[in-house]
Amino acid sequence: MVAARIPPVLSATAALSTFNLLTGLFVSSLWLSGAGAVGGAYLLLRIAAMRRRKDGDTPEEEDQQPAVRPMAVADRAVDPNDTDALVAQFLAQGRFPLLLRKQVAGNLTPGQLEKAVEALHETMALIPEGEVTVGPEWRDEEGETGEGEPAVPPRVVRVQQLFLDRYPVTNRQYFEFVAAGGYEQMPLWDPAIWPAVLDFVDATGEPGPRFWKCGCYLRGQENLPVVGISWYEAAAYARWLGKRLPTDAEWIKAGSWPVAVSATSRHQRKYPWGDVMDRSRANLWGSGPEKTVAVDEFPTGVSVGGVYQLIGNVWEWTASSFRGIDCHGDPLLLPTPMKSIRGGAFDTYFDNQATCQFQSGETLLARKHNVGMRCAVGACDLVLARLVETGENDRSASHEDGSAAGAPPAEEVQT
Amino acid sequence: MTKSVIQPLESYRLAQYALPIRCYICESENTFDAEFCTHCLAPMALAHQANSQKVCPKMVAVLGPSAVGKTVYLGMLMDMLSRRARKLHVLARGAFSITLQQTTLAALARGEFPEKTTNDPDHWNWVHCQIRHPRQRHPLELIMPDMAGEAIFEEVNHPHAYRVIHSFLRKCTAALVLIDAARLRDGQREQDYFTMKLLSYLRELNDDPKRGWARRPVALVLTKADQCDGCQDDPEAFARAHAAGLWQQCRDRFRTYGFFAAGVAGACAFRENRFEGRRQVPLRIEPHGIIEPFEWLLKYLT
């Protein structure tokens, strides 16, 4: 009986075992082939990584490599007697304000003048003249101002019509200045700072911004704002272009876009886009990649006048001195003279430090990772202004006010 | 005439007072309603939370001399981690854990540094938080107090002067040691000496070769690095150049250590008045290198 009953069980067990074995083999072969494929791919990736490391070219290091040196406009030799070529060179370098100076504009053909004016409107925004309130306004996180009357009251400043760069100066734009020998052209620099100019070098000892290498910006950073420049470098670059740094009042006017609501009062925006902080409109701490971004990013943060990134990405040097006022409006003691910087940067933490009114300071020789620049030029310094006013295409138009080219206009203070 | 009534027996409520509660820091017994440990002055809320949540939080010390920036560092770290999403972030345990973050950030937003931490342990801010990381299933419970620099100095020079510090450092699993980079750069050696004494103290506190401080992770954070050129680029090279003794001691006495650079203020100025004297004030707040040393420590705690 037992013998009679065993075979079917055995046969069933054997069949099951065989089935299991076959299934196991099939699954194992599948797994092995899959694992083999994964393992093979992994091995190939490892070999590729090892090769890259051997060549000293890991992805992180790639970002730290200087860019392949682009062809600078100054690299192409220009015949000094060829006016067309010279004008083309100036336009390509972004030095059109020099063409629009009274001394030069009169010698341009209408076509050349038109190109210069086009370049002006394309790259710079017109900021109308008017009054703007400039003053200590340090609000805490709850939006409350400091207690008591500030020791230094806000000032009302009249700003003349000016053009302000739509975007912060990029590495690529600054490269033109470096390639054209800007660091060797001593007339561009304040004589007092000549000894320090030799020390304005990049990471490899070449003249240029602090974080560049071999006299060139790093790979993939051509459209990022230039940083690691002192106030003197910013001023020299602006002078080379025929522009200047904006004053505090001009910068605030471009951002807060004041509108007169009565004879004595005006409404100024807290941010270029309005009165409410919206971190999605600016590259600040927590709203961006925690590093600088291209100057045309965050387009929703544009000001009424069409100026981008006034808030966030990088602080911007201004021509004004930093007065040093604390939250109560009391003056601060500065360890060294400082220049005013405005706008906040990608690492600015508090909302109340990324407003049009907030002012911080930096020593003139500081070359920080988050301080860049944008340039301005007074409309009164350009022949264009007279052409617009009179509607005449008077190529010999000259400027009457006699103000020094590139010098910021005097501020009129009303109490 | 008598009338029987049912009188609820509430004496059981007194039983909880009879049961002692152990302080989470010094493990001394305290009564149920004690706010601070009667022996070390650590908040008893830590023990209550540990008991109620059935977890034993790990402890990380933030150490350094007076005015090095411990309060700013810890307050800023908590605030930065609490504002981040989809990354390493913290969740405060209990309202008291947010006080440090609140006071520090309010002061910085006003353009001031927070008030100096007093030497009284019952006035210190303790942070009990839950650390969450998207890649880790289980959150990590941590306790980090903001201790006064002068009290730490006193305890290092005279062990057992501050029982809370002594007990806390015995149980700590890691430490963030802050060093003022600006003073090191200016050639002031007190920072160097203090940190060397502190590291020696830690080693002597628990010299067990397997579980002692020799094996516990120590992050050496050079604060105010924004004021020192080159410090942020290579903190270890900066330490080797300006605090050679400290750098050598770390190499010889600790197996797991790392040098980091941190800064909170982009630039500083001074305010002077009759009442406060001369005080340094930040011109703007742009934190750098705050999270990195903490993240590095967490790798060894999880």
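Start by colouring chain B by confidence: this is a predicted model, and chain B averages a pLDDT of 89, with 97% of its residues scoring at least 70. Where pLDDT is low, the predicted coordinates should not be read in detail. For the model as a whole, the scores are ipTM 0.86 and pTM 0.82.

**Chain B as a whole**

Keep chain B selected and switch to a cartoon view. You should be able to pick out 11 helices and 13 strands. The radius of gyration of chain B is 21 Å, and the globule rule gives a close 19 Å for 302 residues, so chain B is as compact as a globular protein of that length. Along the principal axes, its C-alpha trace spans about 95 × 50 × 45 Å. Of the 302 residues in chain B, 45% are buried. Now think about contacts with a sequence separation of 6 or more: in chain B, 66% of these join residues 24 or more positions apart.

**Lys58(B) and its surroundings**

For an example of such a long-range pair, select Lys58(B), which sits in strand 3 (residues 58-63) of chain B. Add Glu141(B) to the selection: the two are 83 residues apart in sequence, yet 6.1 Å apart in space from C-alpha to C-alpha. Which residues is Lys58(B) in contact with, leaving aside its neighbours within four places in sequence? They are Leu140(B), Glu141(B), Leu142(B), Thr173(B) and Leu301(B). Lys58(B) has 18 other C-beta atoms within 10 Å, so it counts as partly exposed; the buried class begins at 20.

**Two unusual backbone angles in chain B**

Most residues other than glycine have a negative phi. The next two stops go the other way.

- Follow strand 3 of chain B into the loop that leads to helix 3 (70-83), and select Ala67(B). Although Ala67(B) is not a glycine, its phi is positive, about 65 degrees. Ala67(B) is partly exposed, with 15 other C-beta atoms within 10 Å.
- Then go to the loop between strand 2 (29-30) and helix 2 (45-53) of chain B, where you will find Leu41(B). Leu41(B) is not a glycine either, and its phi is positive at about 70 degrees. With 19 C-beta neighbours inside 10 Å, Leu41(B) also counts as partly exposed.

**Across to chain A**

Show both chains and look at where they touch. The contact takes 23 residues from chain A and 18 residues from chain B. On the chain A side, these are 9 nonpolar, 8 polar and 6 charged residues.

**A three-stranded sheet**

Hide chain B and select strands 1, 4 and 11 of chain A. They form an open sheet in the order 1-4-11, with antiparallel pairing. Strand 1 (124-127) and strand 11 (376-378) each have a single partner strand, so one side of each is left without a neighbour in the sheet. Neighbouring strands here are turned by 25 degrees against each other on average, direction ignored. Zoom in on strand 4 (residues 162-165), which pairs with strand 11 over 3 bridges. You can see Leu162(A) standing opposite Gly378(A) in strand 11.

**A four-stranded sheet and the helix across it**

Now select strands 7 to 10 of chain A. This open sheet has the order 9-8-7-10 and mixed pairing. Its edges are strand 9 (359-363) and strand 10 (371-372), each paired on one side only. Strand 7 (residues 315-321) and strand 10 pair in the parallel sense over 2 bridges; Trp315(A) has Val371(A) as its bridge partner in strand 10.

What lies across strands 7, 8 and 9 of chain A? Add helix 10, which runs at about 135 degrees to strand 7. Helix 10 (residues 248-256) is mostly covered, with 9 of its 9 residues buried. Among them are Asp248(A), Glu250(A) and Lys253(A), as well as Trp251(A) and Ile252(A). Just after helix 10, look at Trp257(A), whose phi is positive, near 45 degrees.

**Last stop: helix 7**

Finish with helix 7 (residues 171-179) of chain A, where 7 of the 9 residues are buried, so the helix is largely enclosed by the rest of the structure. The buried ones include Tyr174(A), Phe175(A) and Phe177(A). Show helix 9 (231-241) of chain A too, since the buried residues of helix 7 pack against it. Beyond helix 7 comes Gly181(A), with a positive phi near 80 degrees.

Note on methods. Residues are numbered from 1 along each chain as its sequence is written. Chains are lettered from A and ligands numbered from 1 in the order in which they are written. This is a predicted model: local features need pLDDT of at least 70, side-chain atom pairs count only at pLDDT 80 or more; totals for chains, interfaces and linings use all residues. Two strands pair if DSSP finds at least two bridges between them. Axes are lines fitted to C-alpha atoms, for helices over the stretch in contact, and angles run from 0 to 180 degrees between N-to-C directions. Two residues are in contact if their C-beta atoms, placed from the backbone, lie within 7 Å. Ala, Val, Leu, Ile, Met, Phe, Trp, Tyr, Cys and Pro count as nonpolar, Asp, Glu, Lys and Arg as charged, and the others, Gly among them, as polar. A residue is buried if 20 or more other C-beta atoms lie within 10 Å of its own, exposed if 12 or fewer, and partly exposed in between; C-beta atoms are placed from the backbone. The radius of gyration is taken over C-alpha atoms; the globule rule is 2.2 Å times the number of residues to the power 0.38. pLDDT is the predictor's confidence in each residue, from 0 to 100.
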